[in-house]
Amino acid sequence: MEKTIVQFILDNIFLFVPLGVAGIIATLVLYFLPKKVTSEASEDLSTDFVTLLKVRVNIYVGVYFFVWLLILIIGLLSDFLIPTIIGGIIASIPLFVLILFECKTSKSKRTRAHGDH
């Protein structure tokens, strides 16, 4: 077994160099290959929502919440209490951001609809 991470990388340099070069090339190709879109297209975001029991829910928030809940359940059943709680708190940050973003955008849509600026 390797003693340090540096020794592990040096022992497997022939694996890491091609992976790193391939990653850099893929990044450059994806950065320079697409054509610029000059027309502004509006997106229909109504398909992102589904109504469950008279409650309108964003599909992405629902899926993320479901995955987050499963991670917590599996971690707690595996007797990894402290890592599960810490990981659950860290993993809940995007969930809170999605919910806050949804609340902020719905408030701004309501104020625009009523003419309040």
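**Entry 1, surface.** I began with the exposed area of the protein, which comes to about 10800 Å². Carbon and sulfur atoms supply 73% of that area. I note here that the model is predicted. I then looked up burial: of the 117 residues, 9% count as buried.

**Entry 2, layout.** I listed the secondary structure next. The protein has 4 helices and 2 strands. Read from the N terminus, the order of elements is α-α-β-β-α-α. I also checked the contacts between residues at least 6 apart in sequence; 32% of them join residues at least 24 apart.

**Entry 3, hairpin.** I went to the two strands. E1 covers residues 49-52 and E2 covers residues 55-58. They pair in the antiparallel sense, over 4 bridges. I looked for the partner of leucine 52 and found valine 55 in E2 opposite. The hairpin has 2 residues between the strands. In this hairpin, leucine 53 takes a positive phi near 50 degrees.

**Entry 4, threonine 84.** I picked one residue in helix H4, which spans residues 81-114. Is threonine 84 buried or exposed? I find it buried, because its relative accessibility is 9% and the cut-off for buried is under 20%. I then asked which residues threonine 84 touches, leaving aside neighbours within four places in sequence. The contacts are Ile71, Leu72, Gly75 and Leu76. For glycine 75 I also have a polar detail: its backbone oxygen lies 3.4 Å from a polar atom of the threonine 84 side chain.

Notes: Residues are numbered from 1 along each chain as its sequence is written. This is a predicted model: local features need pLDDT of at least 70, side-chain atom pairs count only at pLDDT 80 or more; totals for chains, interfaces and linings use all residues. Side-chain values use heavy atoms; hydrogens and water are left out. Buried means under 20% relative accessible area, exposed over 50%, partly exposed in between (1.4 Å probe, protein chains only). A polar contact is a pair of N or O atoms within 3.5 Å; within protein, one must be able to donate a hydrogen and the other to accept it, and residues adjacent in sequence count only if both atoms are side-chain atoms. Contact means heavy atoms within 4.5 Å. Accessible areas come from the Shrake-Rupley method with a 1.4 Å probe; for residues, only the protein chains shown count as cover. Two strands pair if DSSP finds at least two bridges between them.
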